[in-house]
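Please open the model in your viewer and keep the sequence alongside. The tour goes from the whole chain to a single helix and its surroundings.

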Amino acid sequence: MEFLCYHRDRPGSVALRDELSEKHWSYMDQYAKEMIARGPTFADSGDTPTGSLHIVDLPDTAAARAFAFDEPNYQAGVYRDVLLRRWRNVLGRTMWDFPGGRSGGNRYLVLGLGAGRTADLAVPSCRDDLIAYGPLLSDDGTSWLGTAVLVRAPDPDAARAVLTPDRYADIDVHDWQFGGRPQ
């Protein structure tokens with residue numbers, strides 16, 4: 001089962017995040033084989049982290065909850081909240097398989113929170129710029145709750161335009177970059 005986990009930082013937690021970086025990396029190293037995508041989000045300035053995204057393939061909901069809530073930064077109070085949802089990997093690949101590579105161009109996390117009927121289940125025409133794409137689902141996987149996208153785009157408005165605007169209660173766009181242990 002695939003899950004999207006987005007930990008959003010608590011304001012003023014950058015120093016604590018930095019202090020715990022090795023514990024975070026050691027924890028995530030345990031899940032290297034399960035990772036579909038990962039990486040931090042940033043404030044508009046691009047310097048201040050605002051969250052941490054992980055898309056993982058885990059056996060069940062209990063394993064996903066353990067992944068999200070046992071994470072050292074969460075345990076220490078770096079994060080203010082967690083979005084944890086079932087997700088379906090429509091592209092069938094990991095971020096490391098993205099033909100556009102790890103760098104070049106702006107990268108965004110786009111979260112569309114559903115409002116009614118299912119939307120955007122088919123891959124949009126900008127497929128070459130999609131790093132990850134899929135629906136957010138209920139715990140049992142039967143109800144559509146929104147759509148999550150990692151995309152290379154010229155700006156936040158172009159990233160937002162990947163989703164059908166009138167089909168969502170809200171669409172959040174976050175500066176995002178490929179994650180993983182620094183080399």
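A residue counts as buried here when its relative accessible area is under 20%. By that criterion, 46% of the 183 residues of the protein chain are buried in this predicted model.

Begin with the whole chain in cartoon view, where five helices and eight strands can be picked out, following the pattern β-α-α-β-β-α-α-β-β-β-β-α-β along the sequence. The radius of gyration is 15 Å, close to the 16 Å that the globule rule gives for 183 residues, so the chain is as compact as a globular protein of that length.

Next, select the strands: eight of them close into a barrel in the order S1-S3-S2-S8-S5-S7-S6-S4, with antiparallel pairing. Neighbouring strands of this sheet are turned by 30 degrees against each other on average, if direction is ignored. Within the barrel, zoom in on S2 and S3, which pair in the antiparallel sense over seven bridges, and find Met 35 opposite Val 56 in S3.

Now add helix H3, which packs on the sheet and touches S1, S2, S3 and S4, its direction making about 155 degrees with that of S4. Which residues of H3 are buried? Select Thr 61, Ala 64, Phe 67 and Ala 68 within residues 61–69; because they cover an arc of only 120 degrees around the axis, they lie on the same side of H3. Among the elements covering these buried residues are helix H2 (21–29) and helix H4 (72–76), as well as strand S1 (2–9).

Finally, go to the start of H3, where a side-chain oxygen of Asp 60 reaches to within 3.2 Å of the backbone nitrogen of Ala 62.

How values were computed
Residues are numbered from 1 along each chain as its sequence is written. This is a predicted model: local features need pLDDT of at least 70, side-chain atom pairs count only at pLDDT 80 or more; totals for chains, interfaces and linings use all residues. Side-chain values use heavy atoms; hydrogens and water are left out. Buried means under 20% relative accessible area, exposed over 50%, partly exposed in between (1.4 Å probe, protein chains only). Helices (H or I, at least four residues) and strands (E, at least two) are DSSP runs, numbered from the N terminus. The arc is that of the directions from the helix axis to the C-beta atoms. Contact means heavy atoms within 4.5 Å. A polar contact is a pair of N or O atoms within 3.5 Å; within protein, one must be able to donate a hydrogen and the other to accept it, and residues adjacent in sequence count only if both atoms are side-chain atoms. Two strands pair if DSSP finds at least two bridges between them. Axes are lines fitted to C-alpha atoms, for helices over the stretch in contact, and angles run from 0 to 180 degrees between N-to-C directions. The radius of gyration is taken over C-alpha atoms; the globule rule is 2.2 Å times the number of residues to the power 0.38.
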